[in-house]
Amino acid sequence: MSLQRWLRQVRSGIERAHRPRRQRPAAAGFRPRLEPLDDRLVPAFLAPADYSTGAGPWAMVAADFNNDAVLDLAVANYYDSSLSVLLGNGDGTFRPAADPAPATGAGPLSVSVGDFDRDGNLDLATAGNEDVRVLMGDGTGQFGAPTIIPSDGWSASVAVGDFTATA
């Protein structure tokens, strides 16, 4: 096939593709078919709300600390070395943090949640400038005095898991 013949075929194919198509005449009484929209809820967010925590909130974890099937928040506060626990109301809002807030050691940078003593109540672990601290939960959203686990330096984060597989 010569180059010129090939170019003519390409050109005629392009022209055919761009030709307007014939439209069928509309039938008398033709009505477009409309389908109803689903009755789905449109996701929406509540208006922003401010909650007081300690000075310099740095890390946060959500879990059910008072066993009411509603998520609560625990916030590690860097500058005052405290932990703010905000119990959830179940409607997306939270109660103010209890005073006094549990101490976390100097400058907590991380907080994790787990049931460390297997009593069915969630506990917290924080890591900070000096050490790792474990606070045992009592199932009401309150936490006892921290158990201090010294570290050889600056602890930037803490992870939770069953490392010995003794579930």
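This is a working chat about the predicted model shown above.

Biologist: What does the secondary structure of the chain come to?

Modeller: This is a predicted model. The chain has one helix and seven strands.

Biologist: And in what order do the elements run from the N terminus?

Modeller: The order is α-β-β-β-β-β-β-β.

Biologist: How much of the chain is buried?

Modeller: Buried residues are 31% of the 167 residues. The chain exposes about 12,300 Å². Carbon and sulfur atoms supply 56% of that area.

Biologist: What share of the contacts comes from residues 24 or more positions apart?

Modeller: They account for 38% of the contacts with a separation of 6 or more.

Biologist: Let's go to the helix. Which residues make the nonpolar surface patch?

Modeller: Leu-3, Trp-6, Leu-7, Val-10 and Ile-14 make a patch of about 480 Å². Trp-6 sits in helix 1, which spans residues 3-18.

Biologist: Why does Trp-6 count as partly exposed?

Modeller: Because its relative accessibility is 44%. The cut-offs for partly exposed are 20% and 50%.

Biologist: Now the strands. Where does Ala-74 lie?

Modeller: Ala-74 is in strand 2, residues 72-77. Ala-74 counts as buried because its relative accessibility is 0%.

Biologist: Which residues does Ala-74 touch, beyond those up to four places away in sequence?

Modeller: Ala-59, Met-60, Val-61, Phe-65, Leu-83, Ser-84, Val-85, Val-111 and Leu-124.

Biologist: How far is Ala-74 from Val-61, C-alpha to C-alpha?

Modeller: The separation is 5.4 Å, with their positions 13 residues apart along the chain.

Biologist: Switching to charges. How many salt bridges are there?

Modeller: The count is one salt bridge. Asp-131 and Arg-133 form a salt bridge through their side chains, at 3.2 Å from N to O.

Biologist: Are those two buried or exposed?

Modeller: Asp-131 is buried, because its relative accessible area is 7%. Arg-133 is buried as well, because its value is 14%.

Biologist: What about Asp-123, where does that one lie?

Modeller: Asp-123 is in strand 5, residues 123-127. Asp-123 is buried but has no salt bridge.

Biologist: Which side chain of opposite charge is nearest to Asp-123?

Modeller: Arg-118, and it is 9.4 Å away. A salt bridge needs the charged atoms within 4 Å, so that distance does not qualify.

Biologist: Then what does the side chain of Asp-123 reach?

Modeller: The backbone nitrogen of Phe-116, at 2.8 Å.

Biologist: And which residues is Asp-123 in contact with, leaving aside neighbours within four places?

Modeller: Among them are Ser-112, Val-113, Gly-114, Asp-115, Phe-116 and Asp-117. Leu-135, Met-136, Gly-137 and Phe-143 are also in contact with Asp-123.

Biologist: Last stop, Asn-129. Where does Asn-129 lie?

Modeller: Asn-129 is in the loop between strand 5 and strand 6, with strand 6 at 131-135.

Biologist: Why does Asn-129 count as partly exposed?

Modeller: Because its relative accessibility is 27%.

Biologist: What does Asn-129 touch, not counting residues up to four places away in sequence?

Modeller: Tyr-78, Ala-106, Gly-107, Leu-109, Gly-153 and Trp-154.

Biologist: How far apart are Asn-129 and Pro-108 in space?

Modeller: Their C-alpha atoms are 6.7 Å apart, and the two residues are 21 residues apart in sequence.

Conventions:
Residues numbered from 1 in each chain as written. Predicted model: local features only at pLDDT ≥ 70, side-chain atom pairs only at ≥ 80, totals over all residues. Heavy atoms only, no water. Helix = DSSP H or I, 4+ residues; strand = E, 2+ residues; numbered from the N terminus. Buried < 20%, exposed > 50% of the residue type's maximum accessible area, 1.4 Å probe, protein only. Lys, Arg positive; Asp, Glu negative; His and termini not counted. Polar contact = N/O pair within 3.5 Å; in protein donor to acceptor, adjacent residues only side chain to side chain. Contact = heavy atoms within 4.5 Å. Patch = residues over 30% accessible without salt bridge, like charges linked within 9 Å, V, L, I, M, F, W, Y side chains within 5 Å. Areas by Shrake-Rupley, 256 points an atom, 1.4 Å probe, with all protein chains shown as cover.
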